[in-house]
There are 2 protein chains.
Amino acid sequence: MLYTPSRVISDTNKKIASILRGDLRILKKIFAYVVESGGKRIRPLFMYYLARACGVERPEVIDLGALLEIVHAASLLHDDVIDGAEERRARPTGAKLFGNKEVVLGGDHLLASGLRHLNGMQNFAYMTIFTDAIQALSEAELLQMQQHFNLKTSRRQHERVVDGKTAALFRAAGALVSAMQGERDFYRTETANLGLALGRFFQERDDHLDYFDAARLKKKGLQDFVNGIVTYPLQLLLAEASRAELAEIHAEWEFARLQGKIRKQERILQLMDKYDIERRSVAELKKLQEQILAGLARLPEQRPREILSTEFQKILAVRSP
Amino acid sequence: MLYTPSRVISDTNKKIASILRGDLRILKKIFAYVVESGGKRIRPLFMYYLARACGVERPEVIDLGALLEIVHAASLLHDDVIDGAEERRARPTGAKLFGNKEVVLGGDHLLASGLRHLNGMQNFAYMTIFTDAIQALSEAELLQMQQHFNLKTSRRQHERVVDGKTAALFRAAGALVSAMQGERDFYRTETANLGLALGRFFQERDDHLDYFDAARLKKKGLQDFVNGIVTYPLQLLLAEASRAELAEIHAEWEFARLQGKIRKQERILQLMDKYDIERRSVAELKKLQEQILAGLARLPEQRPREILSTEFQKILAVRSP
């Protein structure tokens, strides 16, 4: 039987709740926050339908999807830890709700509970994949901090952050499916590469929308710029801008660094427009998209492959300028 | 061949350095900090000589000791995360040196690297013991925060913090030795109980010295009191003090909570003296000490058992008032 997406999500939520146990008040609050703010459960959905599309039908696929989500949640809790100086620009995150130390220790508890459950599945390949992913997540976040407000961040450095930060858990899902199929070299497989491409796409699309989604721009403007994160659209602009325009961008960047906000959003967008950055960024996304669609098309099982395509359709869609 | 303590320490340090790898500047700094501020490597020493005293002679004992130390270091990094409000009372910790987020992510990287290495040892019992310990460490720290500045903290609650915070990794060492001997119920063994008792002793002795070590008192006074942590000596005092004295203690406690420092250290110590708290606290420590010595005496192998006793002699010594 092939589950519907809503069934996958509800089974995943039950599994997460059964893995996360603890009698302390603060832990219960953090667990509830993690389960309720669950979001789209995109990792467990990918995990489940990818496995099924490869002909793998095992109950533990739900466990693995739940664990990907738990690691994701722990990573979000830890990424949201704030320094005194940063507080003013912080979103209403776990760290704001519960306190810095609480989310750090809560995140540790989540990770330990998840890995303990995983260990019960008695599969060394799974454990390798999960510990690799946790390592990649922390490393990418540290690299991003190292490049904080560094306009000279290279394309390669940005890609390394993307691959570690967002793509790691999708690649892990693909590697897990390969491991289930008995593949020993589980990172060098079509499914691991498909996961990697999908994870990259999500992050690059997010980075794109930060500059070019009208609805988002009205609400909160250029968040990556404000937060000192150099993404692909900004890199494209920096490569094209004239000397005078570069000086403007630098001044605005310095303002964001010192004030934690943006002053001349319109001007930055005007420059993006002048150099046709949106179209070029879309072209890049389309390339990744084609790679993903080709990968999906090669999966053997039709029905789950179709659901996978449908579920990710909305997300894969990129509005052309 | 039985290694000397200094050989155990240098092999442990090499092992730690080989497990912790990463090319980011900040990671290298954090790794160096962890290796160099190594302290007494008391967990690896206990791990090694306990195993040998039980007749277990395997190279992986050094790996396991190094991993206990890595988990300990990660836990210290995470415990030292500070909230804006707490900064004024913070010690010069990792968080101060590197920043909050840096130590959180650095700690995650340490944990992931350690668990990845452990997974390579292909032993599910080891992994269970380590994930249990990580869970216990985070839970105990959260419980301690929940009881922050709560003078009504019960003996039971304090013991739960001690067992999770300090005793967890010593108990883990004992359980690992049992697991190596093929014991399936590895927590219900003499070695696990010996580890637990030793871990409790270390913490209770620390708590004791916070009130009764003259040298320490001169340098930094009643740190647990200032930090709103109720330990055994204070519990003894609260049970004996008169109504008027309780009012004084409460007022000083409130001052510490609001100001982050102590005003009437002498008066608190005077009250401790009046009710003979030092002697009663020592009596409690002696009980644990006897339990540990009896446990050590039952270990089969003489030579490593003797080194274990010698190494822990200084630490086990408690000055009577």
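These are my notebook entries on a predicted model of two chains, A and B.

**Confidence**

I looked first at the predictor's own scores, and for the complex I noted an ipTM of 0.91 and a pTM of 0.93. For chain A I wrote down a mean pLDDT of 91, with 96% of its residues reaching 70 or more. I keep a general caution beside these values: where pLDDT is low, the predicted coordinates should not be read in detail.

**Relation of the two copies**

I then asked what turn and what shift lay chain A on chain B. The superposition needs a turn of 180° and a shift of 0.0 Å along the axis, and it leaves an RMSD of 0.0 Å. The two copies are therefore related as by a two-fold rotation axis. The same surface serves both copies, since 100% of the contact residues of chain A recur in chain B.

**The contact between the chains**

How many residues does the contact take from chain A and from chain B? I found 38 residues from chain A and 38 residues from chain B. On the side of chain A that touches chain B, helix H2 (25-36), helix H6 (100-120) and helix H7 (124-146) each supply at least two residues. H7(A) gives the most to that side, with 14 residues. Sorted by class, the side of chain A that touches chain B holds 14 nonpolar, 14 polar and ten charged residues.

**Helix H7 of chain A**

As H7(A) gives the most to the side of chain A that touches chain B, I checked its length and its burial. H7(A) has 23 residues and reaches 33 Å from its first C-alpha to its last, close to the 33 Å expected at 1.5 Å a residue. Of its 23 residues, 17 are buried, so H7(A) is largely enclosed by the rest of the structure.

**The nonpolar core**

Which residues touch the most other members of the largest nonpolar core? In this core of 156 residues they are A:Phe130, A:Leu176, B:Phe130 and B:Leu176. I followed A:Leu176 further and, not counting residues up to four places away in sequence, found that it touches A:Met47, A:Leu64, A:Tyr126 and A:Ile129.

**Gln122 in both chains**

I turned next to backbone angles, bearing in mind that most residues other than glycine have a negative phi. A:Gln122 has a positive phi of about 50° although it is not a glycine, and B:Gln122 likewise has a positive phi of about 50°. In chain A this residue, A:Gln122, is found in the loop between H6 and H7; B:Gln122 has its place in the loop between helix H6 (100-120) and helix H7 (124-146) of chain B. Is A:Gln122 buried or exposed? I counted 10 other C-beta atoms within 10 Å of A:Gln122, and because exposed residues are those with 12 or fewer, A:Gln122 is exposed. B:Gln122 is exposed as well, with 10 other C-beta atoms within 10 Å.

**Gly114 and helix H4 of chain B**

B:Gly114 is found in helix H6 of chain B, and with 25 C-beta neighbours inside 10 Å it counts as buried. Leaving out residues up to four places away in sequence, I found B:Gly114 touching B:Ile19, B:Leu67, B:Ile70 and B:Val71. I also took a long separation along the chain: B:Gly114 and B:Glu266 are 152 residues apart, and their C-alpha atoms are separated by 45 Å.

I then looked at helix H4 (residues 60-79) of chain B, whose 20 residues should span 28 Å at 1.5 Å a residue; the end C-alpha atoms are 28 Å apart, which agrees. H4(B) is mostly covered, with 18 of its 20 residues buried.

**Two acidic residues of chain A**

A:Asp79 is found in helix H4 (residues 60-79) of chain A and is buried, with 22 other C-beta atoms within 10 Å. From A:Asp79 to A:Asn227 I noted 148 residues in sequence and 13 Å in space, C-alpha to C-alpha.

A:Glu311 lies in helix H16 (residues 302-316) of chain A and is partly exposed, with 17 other C-beta atoms within 10 Å. Leaving aside neighbours within four places in sequence, A:Glu311 is in contact with A:Pro5, A:Leu45 and A:Tyr49. What separates the C-alpha atoms of A:Glu311 and A:Phe46 in space? They are separated by 8.9 Å, although the two residues are 265 residues apart along the chain.

How values were computed: Residues numbered from 1 in each chain as written. Chains lettered and ligands numbered in written order. Predicted model: local features only at pLDDT ≥ 70, side-chain atom pairs only at ≥ 80, totals over all residues. Contact = placed C-beta atoms within 7 Å. Helix = DSSP H or I, 4+ residues; strand = E, 2+ residues; numbered from the N terminus. Nonpolar A, V, L, I, M, F, W, Y, C, P; charged D, E, K, R; others polar. Core = buried A, V, L, I, M, F, W, Y, C linked by C-beta atoms within 7 Å. Expected span 1.5 Å × (residues − 1). pLDDT = per-residue confidence, 0-100. Least-squares fit on C-alpha atoms with pLDDT ≥ 70 in both.
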